Amino acid sequence: MKRLTSIADLTSEQLLSLVDRASSHRDTIDTGHSPLPSLTGVVVAPMFFEPSTRTRLSFEMATSRLGGTTMSFTPETSSSVKGESLRDTALTLTAIGADVMVVRHSEAGAPDRVSEWTGVPVVNAGDGAREHPTQALIDIVTLVRRFGAIEGTRVVITGDIAHSRVAGSLIPALVKLGASVALCAPSGWLPKRDDVTTTTELEPALREADVAYLLRVQTERGGEVTDRYVNDFQLDRRRSELMARDAVIMHPGPMNRGVEISDSVADGPRSLILEQVRNGPAARMAALEYVTGTLG
Ligand code: NCD
(Lines give C-alpha, C1' and ligand atoms only; values in the text may rest on other atoms or scores of the structure.)
Protein backbone atom coordinates (compact mmCIF):
# COMPACT_ATOMS: atom_id res chain seq x y z
CA MET A 1 0.00 0.00 0.00
CA LYS A 2 1.56 3.22 -1.18
CA ARG A 3 1.47 6.68 0.27
CA LEU A 4 2.80 10.02 -0.89
CA THR A 5 3.60 11.90 2.26
CA SER A 6 7.20 13.01 1.78
CA ILE A 7 9.51 13.77 -1.15
CA ALA A 8 12.14 11.68 0.67
CA ASP A 9 10.08 8.55 -0.12
CA LEU A 10 10.57 9.04 -3.87
CA THR A 11 13.67 8.26 -5.89
CA SER A 12 14.53 10.83 -8.54
CA GLU A 13 13.28 8.33 -11.17
CA GLN A 14 9.93 8.03 -9.40
CA LEU A 15 9.67 11.79 -9.08
CA LEU A 16 10.46 12.26 -12.77
CA SER A 17 7.92 9.63 -13.73
CA LEU A 18 5.27 11.51 -11.71
CA VAL A 19 6.33 14.75 -13.46
CA ASP A 20 6.03 13.12 -16.91
CA ARG A 21 2.65 11.68 -16.09
CA ALA A 22 1.37 15.01 -14.74
CA SER A 23 2.65 16.87 -17.78
CA SER A 24 0.96 14.43 -20.13
CA HIS A 25 -2.30 14.82 -18.18
CA ARG A 26 -1.94 18.57 -18.59
CA ASP A 27 -1.57 18.14 -22.37
CA THR A 28 -4.67 15.93 -22.44
CA ILE A 29 -6.67 18.47 -20.44
CA ASP A 30 -5.54 21.28 -22.76
CA THR A 31 -6.62 19.40 -25.87
CA GLY A 32 -10.05 18.78 -24.36
CA HIS A 33 -9.72 14.97 -24.53
CA SER A 34 -10.60 12.67 -21.63
CA PRO A 35 -7.79 10.77 -19.92
CA LEU A 36 -8.09 7.00 -19.39
CA PRO A 37 -10.45 6.58 -16.42
CA SER A 38 -7.88 4.96 -14.14
CA LEU A 39 -9.85 5.70 -10.95
CA THR A 40 -13.17 4.17 -12.01
CA GLY A 41 -14.90 2.89 -8.87
CA VAL A 42 -12.34 4.52 -6.56
CA VAL A 43 -13.63 6.71 -3.71
CA VAL A 44 -11.28 9.52 -2.63
CA ALA A 45 -11.90 11.17 0.75
CA PRO A 46 -10.46 14.67 1.14
CA MET A 47 -9.80 15.17 4.87
CA PHE A 48 -8.96 18.86 5.12
CA PHE A 49 -8.56 20.05 8.71
CA GLU A 50 -7.09 23.38 7.54
CA PRO A 51 -8.39 25.88 4.97
CA SER A 52 -7.74 25.25 1.29
CA THR A 53 -8.89 26.52 -2.11
CA ARG A 54 -6.48 25.26 -4.77
CA THR A 55 -5.41 21.99 -3.19
CA ARG A 56 -8.84 20.68 -2.28
CA LEU A 57 -10.54 21.73 -5.50
CA SER A 58 -7.77 20.38 -7.69
CA PHE A 59 -7.83 16.99 -5.91
CA GLU A 60 -11.59 16.90 -6.50
CA MET A 61 -11.12 17.84 -10.14
CA ALA A 62 -8.33 15.26 -10.52
CA THR A 63 -10.52 12.51 -9.07
CA SER A 64 -13.44 13.29 -11.34
CA ARG A 65 -11.26 13.58 -14.46
CA LEU A 66 -9.98 10.04 -13.77
CA GLY A 67 -13.48 8.65 -13.28
CA GLY A 68 -13.38 8.39 -9.47
CA THR A 69 -15.74 9.79 -6.84
CA THR A 70 -14.98 12.12 -3.95
CA MET A 71 -16.57 11.74 -0.56
CA SER A 72 -17.49 15.14 0.75
CA PHE A 73 -16.13 15.70 4.23
CA THR A 74 -15.71 19.01 6.05
CA PRO A 75 -14.44 18.87 9.63
CA GLU A 76 -16.40 21.98 10.67
CA THR A 77 -19.72 20.22 10.00
CA SER A 78 -18.59 16.72 11.01
CA SER A 79 -18.41 14.88 14.33
CA SER A 80 -14.86 16.24 14.73
CA VAL A 81 -16.53 19.23 16.41
CA LYS A 82 -18.12 16.79 18.89
CA GLY A 83 -14.66 15.62 19.89
CA GLU A 84 -14.19 12.62 17.59
CA SER A 85 -10.47 11.87 17.27
CA LEU A 86 -8.59 11.95 13.95
CA ARG A 87 -8.13 8.18 14.23
CA ASP A 88 -11.83 7.48 14.75
CA THR A 89 -12.78 9.88 11.94
CA ALA A 90 -10.32 8.21 9.56
CA LEU A 91 -11.53 4.71 10.49
CA THR A 92 -15.13 5.86 10.03
CA LEU A 93 -14.52 7.26 6.53
CA THR A 94 -12.75 4.03 5.60
CA ALA A 95 -15.62 1.90 6.94
CA ILE A 96 -18.05 3.97 4.85
CA GLY A 97 -16.02 3.28 1.73
CA ALA A 98 -13.04 5.62 1.28
CA ASP A 99 -10.35 3.91 -0.82
CA VAL A 100 -7.86 6.80 -0.73
CA MET A 101 -7.45 9.67 1.73
CA VAL A 102 -6.06 13.12 0.98
CA VAL A 103 -5.08 14.62 4.32
CA ARG A 104 -4.32 18.21 5.35
CA HIS A 105 -3.71 18.72 9.04
CA SER A 106 -1.91 21.14 11.34
CA GLU A 107 0.15 18.31 12.90
CA ALA A 108 3.29 17.10 11.17
CA GLY A 109 3.00 13.37 10.51
CA ALA A 110 -0.83 13.23 10.61
CA PRO A 111 -1.14 11.84 7.04
CA ASP A 112 1.28 8.99 7.85
CA ARG A 113 -0.69 8.17 10.98
CA VAL A 114 -3.95 8.08 9.00
CA SER A 115 -2.35 5.69 6.55
CA GLU A 116 -1.10 3.41 9.37
CA TRP A 117 -4.46 3.39 11.18
CA THR A 118 -6.60 2.73 8.12
CA GLY A 119 -4.33 0.78 5.76
CA VAL A 120 -5.53 2.86 2.80
CA PRO A 121 -3.29 4.89 0.47
CA VAL A 122 -2.81 8.48 1.64
CA VAL A 123 -1.64 11.64 -0.10
CA ASN A 124 -0.29 14.37 2.14
CA ALA A 125 -1.98 17.68 1.24
CA GLY A 126 0.05 19.63 3.82
CA ASP A 127 1.02 18.58 7.36
CA GLY A 128 1.88 21.45 9.67
CA ALA A 129 5.15 23.09 8.65
CA ARG A 130 6.55 19.76 7.41
CA GLU A 131 5.68 18.81 3.81
CA HIS A 132 3.31 19.40 0.91
CA PRO A 133 4.62 17.01 -1.74
CA THR A 134 1.97 17.56 -4.43
CA GLN A 135 2.66 21.31 -4.40
CA ALA A 136 6.32 20.46 -5.11
CA LEU A 137 5.15 18.19 -7.93
CA ILE A 138 3.11 21.05 -9.42
CA ASP A 139 6.09 23.37 -9.18
CA ILE A 140 8.51 20.91 -10.78
CA VAL A 141 6.03 20.22 -13.60
CA THR A 142 5.65 23.97 -14.15
CA LEU A 143 9.42 24.45 -14.29
CA VAL A 144 10.03 21.47 -16.57
CA ARG A 145 7.36 22.71 -18.98
CA ARG A 146 9.00 26.15 -18.97
CA PHE A 147 12.72 25.35 -18.96
CA GLY A 148 12.83 21.75 -20.28
CA ALA A 149 14.66 20.34 -17.24
CA ILE A 150 15.47 21.07 -13.61
CA GLU A 151 19.18 20.20 -13.71
CA GLY A 152 21.22 23.40 -13.45
CA THR A 153 18.22 25.70 -12.91
CA ARG A 154 18.98 28.40 -10.33
CA VAL A 155 16.10 28.85 -7.91
CA VAL A 156 15.92 31.40 -5.10
CA ILE A 157 13.22 30.62 -2.54
CA THR A 158 12.28 33.63 -0.45
CA GLY A 159 9.85 34.37 2.37
CA ASP A 160 8.86 32.53 5.52
CA ILE A 161 10.85 29.39 4.73
CA ALA A 162 11.09 28.18 8.33
CA HIS A 163 7.32 27.74 8.73
CA SER A 164 6.57 26.62 5.17
CA ARG A 165 5.59 23.03 4.29
CA VAL A 166 5.76 24.07 0.64
CA ALA A 167 9.48 24.75 1.12
CA GLY A 168 9.73 21.50 3.13
CA SER A 169 8.90 19.54 -0.03
CA LEU A 170 10.13 21.89 -2.77
CA ILE A 171 13.70 22.17 -1.49
CA PRO A 172 14.40 18.39 -1.44
CA ALA A 173 12.57 17.91 -4.76
CA LEU A 174 14.68 20.57 -6.50
CA VAL A 175 17.90 19.29 -4.92
CA LYS A 176 17.05 15.69 -5.94
CA LEU A 177 16.68 16.79 -9.56
CA GLY A 178 19.91 18.82 -9.67
CA ALA A 179 18.73 22.42 -9.32
CA SER A 180 20.93 24.94 -7.57
CA VAL A 181 18.87 26.29 -4.68
CA ALA A 182 19.41 29.49 -2.66
CA LEU A 183 17.25 30.35 0.35
CA CYS A 184 16.76 34.05 1.05
CA ALA A 185 14.99 35.35 4.16
CA PRO A 186 15.56 37.18 7.43
CA SER A 187 18.02 35.03 9.41
CA GLY A 188 15.34 33.71 11.80
CA TRP A 189 13.46 32.17 8.86
CA LEU A 190 16.45 30.42 7.30
CA PRO A 191 16.56 26.69 8.01
CA LYS A 192 19.97 25.07 8.47
CA ARG A 193 20.65 22.75 5.53
CA ASP A 194 23.89 21.74 3.88
CA ASP A 195 22.47 21.07 0.39
CA VAL A 196 21.56 24.71 -0.41
CA THR A 197 23.05 28.18 0.01
CA THR A 198 21.48 30.81 2.25
CA THR A 199 21.47 34.60 2.22
CA THR A 200 19.66 37.51 3.84
CA GLU A 201 20.20 39.80 0.81
CA LEU A 202 17.44 39.57 -1.80
CA GLU A 203 18.74 41.77 -4.59
CA PRO A 204 22.07 39.98 -5.24
CA ALA A 205 20.21 36.64 -5.04
CA LEU A 206 17.71 37.77 -7.69
CA ARG A 207 20.51 38.71 -10.10
CA GLU A 208 21.73 35.10 -9.95
CA ALA A 209 18.36 33.36 -10.31
CA ASP A 210 16.30 31.86 -13.12
CA VAL A 211 13.36 31.47 -10.75
CA ALA A 212 12.20 33.51 -7.75
CA TYR A 213 9.85 31.37 -5.66
CA LEU A 214 7.94 33.42 -3.09
CA LEU A 215 6.32 32.17 0.10
CA ARG A 216 3.53 33.68 2.18
CA VAL A 217 4.30 34.65 5.78
CA GLN A 218 2.72 31.75 7.72
CA THR A 219 1.11 33.80 10.48
CA GLU A 220 -0.86 30.74 11.63
CA ARG A 221 2.44 29.00 12.39
CA GLY A 222 4.35 31.79 14.08
CA GLY A 223 5.47 33.98 11.15
CA GLU A 224 5.00 37.71 11.63
CA VAL A 225 4.61 40.43 8.99
CA THR A 226 6.69 43.51 9.82
CA ASP A 227 7.29 46.75 7.88
CA ARG A 228 10.96 45.83 7.79
CA TYR A 229 10.18 42.49 6.15
CA VAL A 230 7.99 44.14 3.52
CA ASN A 231 10.63 46.77 2.87
CA ASP A 232 13.56 44.34 2.60
CA PHE A 233 11.93 41.31 0.96
CA GLN A 234 8.86 42.28 -1.05
CA LEU A 235 9.34 41.39 -4.71
CA ASP A 236 8.25 44.55 -6.49
CA ARG A 237 8.69 45.63 -10.09
CA ARG A 238 12.06 47.29 -9.54
CA ARG A 239 13.52 44.20 -7.89
CA SER A 240 12.02 41.83 -10.45
CA GLU A 241 13.78 43.82 -13.18
CA LEU A 242 17.12 42.84 -11.64
CA MET A 243 16.47 39.27 -12.79
CA ALA A 244 17.63 37.79 -16.09
CA ARG A 245 15.42 38.43 -19.10
CA ASP A 246 13.87 34.93 -19.15
CA ALA A 247 13.61 34.57 -15.37
CA VAL A 248 10.23 33.69 -13.87
CA ILE A 249 8.33 34.26 -10.66
CA MET A 250 6.37 31.58 -8.81
CA HIS A 251 4.19 31.42 -5.71
CA PRO A 252 2.10 28.48 -4.41
CA GLY A 253 -0.76 30.76 -3.34
CA PRO A 254 -2.54 32.16 -1.50
CA MET A 255 -0.66 35.42 -2.15
CA ASN A 256 -0.65 38.27 0.28
CA ARG A 257 -0.37 41.11 -2.23
CA GLY A 258 1.49 44.08 -0.82
CA VAL A 259 3.44 41.83 1.58
CA GLU A 260 5.72 39.30 -0.18
CA ILE A 261 4.68 40.37 -3.70
CA SER A 262 3.45 43.54 -5.40
CA ASP A 263 0.45 43.60 -7.75
CA SER A 264 2.59 44.47 -10.74
CA VAL A 265 4.79 41.39 -10.21
CA ALA A 266 1.91 39.04 -9.36
CA ASP A 267 0.11 40.01 -12.57
CA GLY A 268 3.21 40.75 -14.65
CA PRO A 269 4.73 38.96 -17.63
CA ARG A 270 7.23 36.90 -15.59
CA SER A 271 4.55 35.43 -13.32
CA LEU A 272 3.87 31.67 -13.63
CA ILE A 273 1.49 31.76 -10.67
CA LEU A 274 -1.70 30.89 -12.56
CA GLU A 275 0.23 28.36 -14.62
CA GLN A 276 1.08 26.61 -11.33
CA VAL A 277 -2.63 26.54 -10.50
CA ARG A 278 -3.42 25.14 -13.97
CA ASN A 279 -0.99 22.29 -13.34
CA GLY A 280 -2.70 21.44 -10.04
CA PRO A 281 -5.34 18.99 -11.28
CA ALA A 282 -2.83 17.24 -13.58
CA ALA A 283 -0.26 16.84 -10.79
CA ARG A 284 -2.91 15.48 -8.43
CA MET A 285 -4.10 13.04 -11.10
CA ALA A 286 -0.55 11.64 -11.24
CA ALA A 287 -0.32 11.56 -7.42
CA LEU A 288 -3.61 9.65 -7.09
CA GLU A 289 -2.51 7.19 -9.77
CA TYR A 290 0.80 6.70 -7.96
CA VAL A 291 -0.77 5.84 -4.60
CA THR A 292 -3.45 3.59 -6.13
CA GLY A 293 -0.84 1.73 -8.19
CA THR A 294 -2.27 2.69 -11.58
CA LEU A 295 0.64 4.89 -12.71
CA GLY A 296 1.69 3.22 -15.97
C1 NCD B 1 0.03 26.41 0.77
C2 NCD B 1 -0.31 25.62 2.00
O3 NCD B 1 -1.44 25.54 2.43
O4 NCD B 1 0.61 25.03 2.49
N5 NCD B 1 -1.01 26.60 -0.11
C6 NCD B 1 -1.16 25.72 -1.14
O7 NCD B 1 -1.43 24.56 -0.93
N8 NCD B 1 -1.00 26.18 -2.38
C9 NCD B 1 0.84 27.60 1.00
C10 NCD B 1 0.40 28.63 2.00
O11 NCD B 1 -0.62 28.49 2.63
O12 NCD B 1 1.14 29.59 2.13
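Let me begin with helix H2 (54-65) and helix H6 (165-176), each of which supplies at least two residues of the shell around the ligand, where helices are DSSP runs of H or I with at least four residues, numbered from the N terminus. This is a predicted model, in which local features need pLDDT of at least 70 and side-chain atom pairs count only at pLDDT 80 or more, while totals for chains, interfaces and linings use all residues. Residues are numbered from 1 along each chain as its sequence is written, and side-chain values use heavy atoms, with hydrogens and water left out.

The residues that surround the ligand, meaning those with a heavy atom within 4 Å of it, include Arg-54, Thr-55, Arg-165 and Val-166, along with His-132, Gln-135 and Pro-252.

Turning to polar contacts, which are pairs of N or O atoms within 3.5 Å, a polar side-chain atom of Arg-165 lies 2.7 Å from an oxygen atom of the ligand, and a side-chain N or O atom of Arg-104 is 3.1 Å from a ligand oxygen. From Gly-253, a backbone N or O atom lies 3.0 Å from a nitrogen atom of the ligand. Taken alone, the ligand exposes 320 Å², of which the protein buries 94%, with areas from the Shrake-Rupley method and a 1.4 Å probe.

Finally, Arg-26, which is placed in helix H1 (residues 12-31), counts as buried because its relative accessibility is 7%, the cut-off for buried being under 20% relative accessible area with a 1.4 Å probe and protein chains only. Leaving aside neighbours within four places in sequence, Arg-26 is in contact (heavy atoms within 4.5 Å) with Arg-145, Glu-275, Arg-278, Asn-279 and Ala-282.

Technical notes
Buried < 20%, exposed > 50% of the residue type's maximum accessible area, 1.4 Å probe, protein only. Polar contact = N/O pair within 3.5 Å; in protein donor to acceptor, adjacent residues only side chain to side chain.
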